[in-house]
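Here's a quick briefing on the model below. Have a look at the structure, then read on for the sheets, the ligand site and a couple of residues worth finding.

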Amino acid sequence: MSMRIIGTGSALPEKYVTNNDLAELVDTSDEWIRERTGIGGRHVSTGETVAELAALACGRALADAGRRADQVELLIVATCSPETGIPSVACQVQSSLGAVNAVAFDLNAACAGFLFALHTAWAYVQSGICRNALIVGAEVLSKLVDWTDRGTCILFGDGAGAVFAEQCDRGGILSFVQHSDGRKGEVLRCDSRALTNPYVRGVMQSPWVKMDGREVFSFAVRQVPTGITEALKQAHLKAEEVELFVLHQANFRIIEGIARRLGLDADRFPMNLDRVGNMSSASIPVLLDELNRAGRLKEGMKLVLSGFGAGLTWGACVLNWQREC
Ligand code: COA
């Protein structure tokens with residue numbers, strides 16, 4: 001028993017912010033941002049919530065798959081920027097979609113969140129707990145970013161991407177690897193509320209994203225190729241047999257570094273970060289949706305999905321793009 005993706009969808013906030021717009025806020029330039037990251041612009045929420053963007057992306061993934069919301073059996077939202085601690089974003093999405101028969105919950109693995117959610121759904125489907133799953137990565141990171149910190153505010157964007165997947169006898173997802181290293185948590189961090197109750201007066205730490213960019217950069221270039229190689233080995237495939245590597249969209253130099261370490265040309269690594277920036281857990285499913293809608297995903301094509309980020313967390317998945325049963 002395996003699981004195949006049969007529909008994709010995405011949603012982005014209306015407001016678009018260019019690098020030149022950011023240069024009016026902080027001491028930076030379009031040239032610096034493009035040279036160091038490859039990012040040219042990003043969508044920024046002016047009111048759209050994580051739950052709204054996620055629900056839109058999910059509706060589009062269901063329409064693409066030709067399935068109804070009441071057929072969904074599992075709904076997982078990967079996010080690290082929910083508006084509410086409770087209820088979960090997934091339960092809000094379930095309600096707005098009318099996915100009345102789904103079990104719904106959130107999962108946080110930062111920028112690797114979509115991969116971790118897809119892996120979880122695969123485990124549920126493989127074990128027979130459910131027959132299908134709606135998996136979404138959704139973020140409004142603009143509310144976690146310090147808009148006076150030029151080292152971070154230039155990197156991130158808001159958006160959501162979703163896939164609908166269902167069980168299949170063979171093919172579909174071929175292998176998966178997941179890793180975490182909590183010892184390196186400090187390199188990319190965002191504090192939550194301080195402990196304040198009648199017995200203690202908490203001190204609020206800075207609620208904004210703090211990052212050691214160089215550490216994150218070298219972690220990604222070192223660990224991601226190892227994870228991909230491990231997943232390829234499990235799937236009995238060589239890197240050369242994979243048509244497209246759909247990676248987390250953090251920085252074009254990271255993606256090129258990963259391609260080099262795998263001994264591959266960067267043209268097998270599609271990118272959209274020039275237009276949408278780093279959308280954390282939404283990056284991979286939004287890019288997958290763009291590729292799907294552009295007709296670039298052909299039946300039987302081998303793909304690698306790979307995400308990495310805060311935690312630290314990273315993972316990779318090898319799949320056979322197989323919409324026909
Ligand atoms: N505009 C102009 N200058 C900037 C800047 C900006 N937006 N951000 C930082 N700088 C400056 C720094 O202040 C520093 O100046 P100094 O030499 O006078 O001290 C200089 O540029 C170099 O900074 P540094 O941090 O060494 O640059 P870098 O080449 O490492 O690039 C990142 C910074 C953030 C682009 C890069 O480290 C990166 O992409 N890391 C990965 C981050 C990431 O992807 N995080 C999310 C993972 S999910």
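What follows goes through two sheets, then the ligand, then two single residues.

This is a predicted model, so local features need pLDDT of at least 70 and side-chain atom pairs count only at pLDDT 80 or more, while totals for chains, interfaces and linings use all residues. Residues are numbered from 1 along each chain as its sequence is written, and side-chain values use heavy atoms, with hydrogens and water left out.

**The four-stranded sheet**

- One open sheet has four strands in the order β8-β15-β14-β13, with mixed pairing. Strands here are DSSP runs of E with at least two residues, helices are runs of H or I with at least four, and both are numbered from the N terminus; two strands pair if DSSP finds at least two bridges between them.
- β8 (173–180) and β13 (244–247) are the edge strands, and each has a single partner, so one side of each lacks a neighbour in the sheet.
- From one strand to the next, the twist averages 10°. Axes are lines fitted to C-alpha atoms (for helices, over the stretch in contact), and angles run from 0 to 180 degrees between N-to-C directions.
- Helix α9 (residues 283–293) packs on this sheet and touches β13 and β14, with its direction at about 140° to that of β13. Contact means heavy atoms within 4.5 Å.
- β14 (residues 302–309) runs antiparallel to β15 (residues 313–320), and the two share eight bridges. Across that pair, V304 sits opposite V318, and F308 faces W314.
- The same two strands, β14 and β15, make a hairpin with three residues between them, and G311 in the turn has a positive phi of about 140°.
- On the β13 side the pairing with β14 is parallel, over four bridges; V246 has L305 in β14 as its bridge partner.
- How much of β14 is buried? Seven of its eight residues are, so β14 is largely enclosed by the rest of the structure. Buried means under 20% relative accessible area, exposed means over 50%, and partly exposed is in between (1.4 Å probe, protein chains only).

**The five-stranded sheet**

- The other open sheet to look at has five strands, ordered β1-β7-β6-β4-β5, again with mixed pairing.
- Its edges are β1 (2–11) and β5 (103–107); each has a single partner strand, so one side of each is left open within the sheet, without a neighbour.
- Ignoring direction, neighbouring strands in this sheet are turned by 20° against each other on average.
- Helix α4 (residues 89–97) packs on the sheet, where it touches β4, β5 and β6 (132–139); its direction makes about 130° with that of β4.
- β4 (residues 74–78) and β5 pair in the parallel sense, with five bridges. Bridge partners include A78 with L107 and I76 with F105.
- Five of the five residues of β4 are buried, so that strand is largely enclosed by the rest of the structure. L74, I76 and A78 point one way from β4, L75 and V77 point the other way, and all are buried.

**The ligand**

- Which residues are closest to the ligand? There are 21 residues around it, and the closest are T28, R36, R150, R214 and N251. A residue counts here if one of its heavy atoms lies within 4 Å of the ligand.
- Two polar contacts go to ligand oxygen atoms: a polar side-chain atom of N251 is 2.7 Å from one, and a polar side-chain atom of R150 is 2.9 Å from one.
- W32 has a polar side-chain atom 3.5 Å from a ligand nitrogen atom. For a polar contact, the cut-off is a pair of N or O atoms within 3.5 Å.
- Taken alone, the ligand exposes 960 Å², and the protein buries 73% of that. Accessible areas come from the Shrake-Rupley method with a 1.4 Å probe.

**Two residues to find**

- T28 is in the loop between α1 (19–23) and α2 (30–37), and is buried at 16% relative accessible area.
- Neighbours within four places in sequence aside, T28 is in contact with L22, A23, I33 and I154.
- E230 is in helix α6 (residues 213–234) and counts as partly exposed, at 30% relative accessibility.
- Leaving out residues up to four places away in sequence, E230 touches V177 and H179.
- E230 and R296 are 66 residues apart in sequence and 26 Å apart in space, C-alpha to C-alpha.

Conventions:
Polar contact = N/O pair within 3.5 Å; in protein donor to acceptor, adjacent residues only side chain to side chain.
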